[in-house]
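Here is a short briefing on one protein model. Keep the structure open as you read, and find each residue as it comes up.

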Amino acid sequence: MNASFFTPSIAFAAVSFFLGELGDGLNIFQGIYLVNIGWNESAIGIALSLMGFTALLSQTFAGDFIDKTTVDRRTIIVVAATMTACSAMAVLFVREGNQDHMLMYITKIVEGLASSFIAPCLAALTLASFGPHEFDKVMANNTLWGHIGSSISAILAGVTAYISYPNIKFCFFVVGLSALCAVACVKFLPEGDQLMGRGFRISKLDETEECNFPDDKSTATKIDTPEAASYLSVMLEPKTLILCITGFFYQ
């Protein structure tokens, strides 16, 4: 497809759509499939809850890493999406009967850890590319396409399972296909300004000063990097505190 078609807005919408198709790794379908091959309810409950629990514990650290890293955030999205898809598709290797519990437990933990990097990465890239004034509008569009992707993935999985019945496990290839499409679209995302992606409004921070030394004259570069607010000051801000408490009970 012509690269000129992928304007930044379209590129973000496309990536959000396919990342939405990754969703929660089709957890609902996985539960049905595991019941079908002989797993008991308690083992399924543990396996499917591990992803959400891991994501809940790691998402704060993931967001902090995304803010501080100098690695291209597009690369992180590619790695996180690939790991999420591979972990979700590990259910294909579960054998008949109430067995292979550790395979599912470990891959669900990996899936929760990897998926927790996707949302902050996408948000940071959006802020870095569009700035604070356009951020809300573009993120709302990203969220909309992510929900559409989630709905489409459920429909595609259901149709695939219906067509391939009784081999319903083939529906999980939807996750792998979604990851491949997301990775293909990521290359069209702009990197933007990394510092603006961290929430700083100043784009150009390099100041060059001439420094005279006794032995020779040279020019030194002084980089005035802004300091982020401390975690304590952020967490004690009333609106942020209310948002965190609401998010905790929502999870």
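Glu-134 and Lys-137 meet through their side chains in a salt bridge, at 3.0 Å from N to O. Both residues lie in helix 6, 3 residues apart, which is about one turn of the helix. The model is a predicted one.

**Salt bridges**

- Side chains of opposite charge can pair when their charged atoms come close.
- How exposed is Glu-134? Glu-134 is partly exposed, because its relative accessible area is 33% and the partly exposed class runs between 20% and 50%.
- Its partner Lys-137 counts as exposed, at 57% relative accessibility.
- Elsewhere, Asp-72, Arg-74 and Glu-191 are joined into one network by salt bridges that share partners.
- Asp-64 pairs with Lys-68, and their closest N and O atoms are 3.4 Å apart.
- Asp-64 and Lys-68 sit in helix 3, 4 residues apart, about one turn of the helix.
- Lys-68 counts as exposed, at 54% relative accessibility.
- How many salt bridges are there by this rule? The count comes to 6.

**Asp-100 and an unusual backbone**

- Asp-100 lies in the loop between helix 4 and helix 5.
- The side chain of Asp-100 forms a salt bridge with that of Arg-95, at 2.8 Å from N to O.
- Is Asp-100 buried or exposed? Asp-100 counts as buried, because its relative accessibility is 18% and buried means under 20%.
- Most residues other than glycine have a negative phi, and most peptide bonds are trans.
- Asp-100 has a phi near 60°, a positive value in a residue that is not glycine.
- A second backbone feature is a cis peptide bond between Tyr-165 and Pro-166, with omega about 10°.
- Pro-166 belongs to the loop between helix 6 and helix 7.

**The whole chain**

- The protein chain has 10 helices and 2 strands.
- Along the sequence, the pattern reads α-α-α-α-α-α-α-α-β-β-α-α.
- The chain has 251 residues, and 37% of them count as buried.
- Take the contacts between residues at least 6 apart in sequence: 77% of these join residues at least 24 apart.
- One pair shows how the chain brings distant positions together: Ile-28 and Ala-154 are 126 residues apart along the chain, yet their C-alpha atoms are separated by 9.3 Å.
- Ile-28 lies in helix 2 and counts as exposed, at 66% relative accessibility.

**The nonpolar core**

- The largest nonpolar core has 46 residues.
- Which residues have the most contacts inside this core? They are Leu-19, Leu-22, Leu-34 and Trp-39.
- Helix 1, helix 2, helix 3, helix 4, helix 5, helix 6 and helix 7 (173–186) each supply at least two residues of this core.
- Helix 1 gives the most to the core, with 8 residues.
- Trp-39 has contacts beyond its neighbours within four places in sequence, among them Leu-34, Ile-44, Ala-47, Val-94, Asp-100 and Met-104.

**Helix 5 and its cover**

- Helix 5 spans residues 101–115, so look for 15 residues in the model.
- From its first C-alpha to its last, helix 5 reaches 21 Å, close to the 21 Å expected at 1.5 Å a residue.
- Its buried residues are Met-104, Tyr-105, Thr-107, Lys-108, Glu-111, Gly-112, Ala-114 and Ser-115.
- What covers the buried residues of helix 5? The cover includes helix 2 (27–36), helix 3 (41–68), helix 4 (73–88) and helix 6 (118–164).

**Ser-16, a buried residue**

- Ser-16 is found in helix 1 (residues 8–22).
- Ser-16 is buried, with a relative accessible area of 3%.
- Beyond residues up to four places away in sequence, Ser-16 touches Leu-122, Asn-142, Trp-145 and Gly-146.

**The surface**

- The protein chain exposes about 14700 Å², and carbon and sulfur atoms supply 67% of that area.
- A nonpolar surface patch covers about 890 Å².
- Which residues make this patch? They are Leu-144, Trp-145, Ile-148, Ile-152, Ile-155, Leu-156, Val-159, Tyr-162 and Ile-163.
- Ile-148 is in helix 6 and is partly exposed, with a relative accessible area of 31%.

How values were computed. Residues numbered from 1 in each chain as written. Predicted model: local features only at pLDDT ≥ 70, side-chain atom pairs only at ≥ 80, totals over all residues. Heavy atoms only, no water. Expected span 1.5 Å × (residues − 1). Buried < 20%, exposed > 50% of the residue type's maximum accessible area, 1.4 Å probe, protein only. Contact = heavy atoms within 4.5 Å. Core = buried A, V, L, I, M, F, W, Y, C linked by side-chain atoms within 4.5 Å. Areas by Shrake-Rupley, 256 points an atom, 1.4 Å probe, with all protein chains shown as cover. Patch = residues over 30% accessible without salt bridge, like charges linked within 9 Å, V, L, I, M, F, W, Y side chains within 5 Å. Salt bridge = Lys/Arg side-chain N within 4 Å of Asp/Glu carboxyl O.
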